[in-house]
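Here are my notes on the model you sent, set out as numbered points. Please read them with the structure open beside you.

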Amino acid sequence: MKKIIILLLIGFLAVFVMTGCDSVVPGEGEGEGEGEPEQKTTVLMEAIIAVGCSQCAKIEPIIENLAMEYSRDEMILVELVPWGSNYDLRESYQRMTNLYKLETKIPQLTFNGLNNHIIGSSGVTYSTLKNIINNQLSQTPAIELKASKTNQNYTTVITGTVKNISSNTLS
C-alpha cells in the first residue's frame, strides 16, 4: 500500500514539474510590478537670499506663494541665508560656494541641485518659476529619498537614505 501511495505521489510531482504554472495567465493588474508604488518627483527649490536685499524682497513673495500652492510631496522650499543675519549658517555659505560652486551674488534660486539655476530677480515671475517646477515634476526620478526628523534638546536631527531607482549608475 505504501508503495502505491509513493508511486502516485511521484506521478503527481512528475506531472506538476512538466506542466508547471504555464496554464495560469495573470489577469489585468496582476503579475510583474504589482504592488510597487508609482515613483514621483519632488522639486527642491533652494533660495539663497540675504536680509535687506531689495532683489530678494521682490522674489520672496513669489516663491512663498508657490511653496503654499504645491504640496510637500511636490515641492520643498529651503531659504538659505549664507551671511548678513542673526540666523545665517556657515554650512549655508559652504553649500553655496563649495558644493554648487556658485557666485556670491544674491538672490539665487536652484532647482533639484543645479538642474535649473537663476541668479538675480530680473525676469523672475510667478509663471516662469511655475513652469520650471512643473517641468521638474514631469521628470522621472533617479533616486528615492527617505528621511526622518527627530528633535533632541534644541537641535533637529534629520537622518535618511538615498536609493538609486534608475537603470543608470549614479555618482
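1. The chain of this predicted model contains 4 helices and 6 strands, and when these elements are read from the N terminus on, their order is α-β-α-β-α-β-β-α-β-β.

2. Some totals for the chain are useful before the details. It has 171 residues, of which 24% count as buried, and it exposes about 12700 Å², with 55% of that area supplied by carbon and sulfur atoms. If one takes the contacts between residues at least 6 apart in sequence, 54% of them join residues that are at least 24 apart.

3. Helix α2 deserves a careful look. This helix covers residues 54–69, which makes 16 residues, and the distance from its first C-alpha to its last is 24 Å, close to the 22 Å expected at 1.5 Å a residue. A kink of about 30° is nevertheless found in α2 at glutamate 60, shortly before proline 61.

4. Which residues of α2 are buried? They are Cys56, Ile59, Ile62, Ile63 and Leu66, and the partners against which the buried residues of α2 pack are β1 (43–48), β2 (75–80), β3 (108–111) and α4 (126–137).

5. The largest nonpolar core is made of 21 residues, and Leu109, Phe111, Leu129 and Ile133 are those with the most contacts inside it. Two or more residues are given to this core by each of β1, α2, β3 and α4, and the largest share, 5 residues, comes from α2. As background, nonpolar side chains in soluble globular proteins tend to be buried together.

6. Leucine 129 gives a concrete view of that core, since one can list what this residue touches: not counting residues up to four places away in sequence, leucine 129 meets Ile62, Ile63, Leu66, Leu109, Phe111, Ile118 and Val124.

7. Isoleucine 118, one of the residues touched by leucine 129, has its place in strand β4. Why does isoleucine 118 count as buried? Its relative accessible area is 15%, and buried means under 20%, so isoleucine 118 falls within the cut-off. Leaving aside neighbours within four places in sequence, isoleucine 118 is in contact with Pro107, Gln108, Leu109, Phe111, Val124, Leu129 and Ile132. The C-alpha atoms of isoleucine 118 and alanine 47 are separated by 9.5 Å, although the two residues are 71 residues apart along the chain.

8. Serine 121 can be treated by the same reasoning. This residue lies in the loop between β4 (116–119) and α4, and serine 121 is buried because its relative accessible area is 11%, where the cut-off is under 20%. With its neighbours within four places in sequence left aside, serine 121 is in contact with Gln55, Lys58, Ile59 and Pro107.

9. Turning to the strands, β1 is mostly covered, since 5 of its 6 residues are buried. Strands β1 and β2 run parallel and are joined by 6 bridges, and leucine 44 stands opposite isoleucine 76 in β2.

10. How do strands β5 and β6 run, parallel or antiparallel? Strand β5 (residues 143–152) and strand β6 (residues 155–164) run antiparallel, with 10 bridges between them, and asparagine 151 stands opposite threonine 156 in β6. The hairpin of β5 and β6 has 2 residues between the strands, and asparagine 153 in this hairpin takes a positive phi near 55°.

Notes
Residues are numbered from 1 along each chain as its sequence is written. This is a predicted model: local features need pLDDT of at least 70, side-chain atom pairs count only at pLDDT 80 or more; totals for chains, interfaces and linings use all residues. Side-chain values use heavy atoms; hydrogens and water are left out. Buried means under 20% relative accessible area, exposed over 50%, partly exposed in between (1.4 Å probe, protein chains only). Contact means heavy atoms within 4.5 Å. Accessible areas come from the Shrake-Rupley method with a 1.4 Å probe; for residues, only the protein chains shown count as cover. The expected span of a helix is 1.5 Å times one less than its number of residues. The bend at a residue is the angle between axes fitted to the seven residues ending there and the seven starting there. A nonpolar core is a set of buried Ala, Val, Leu, Ile, Met, Phe, Trp, Tyr and Cys residues joined through side-chain atoms within 4.5 Å. Two strands pair if DSSP finds at least two bridges between them.
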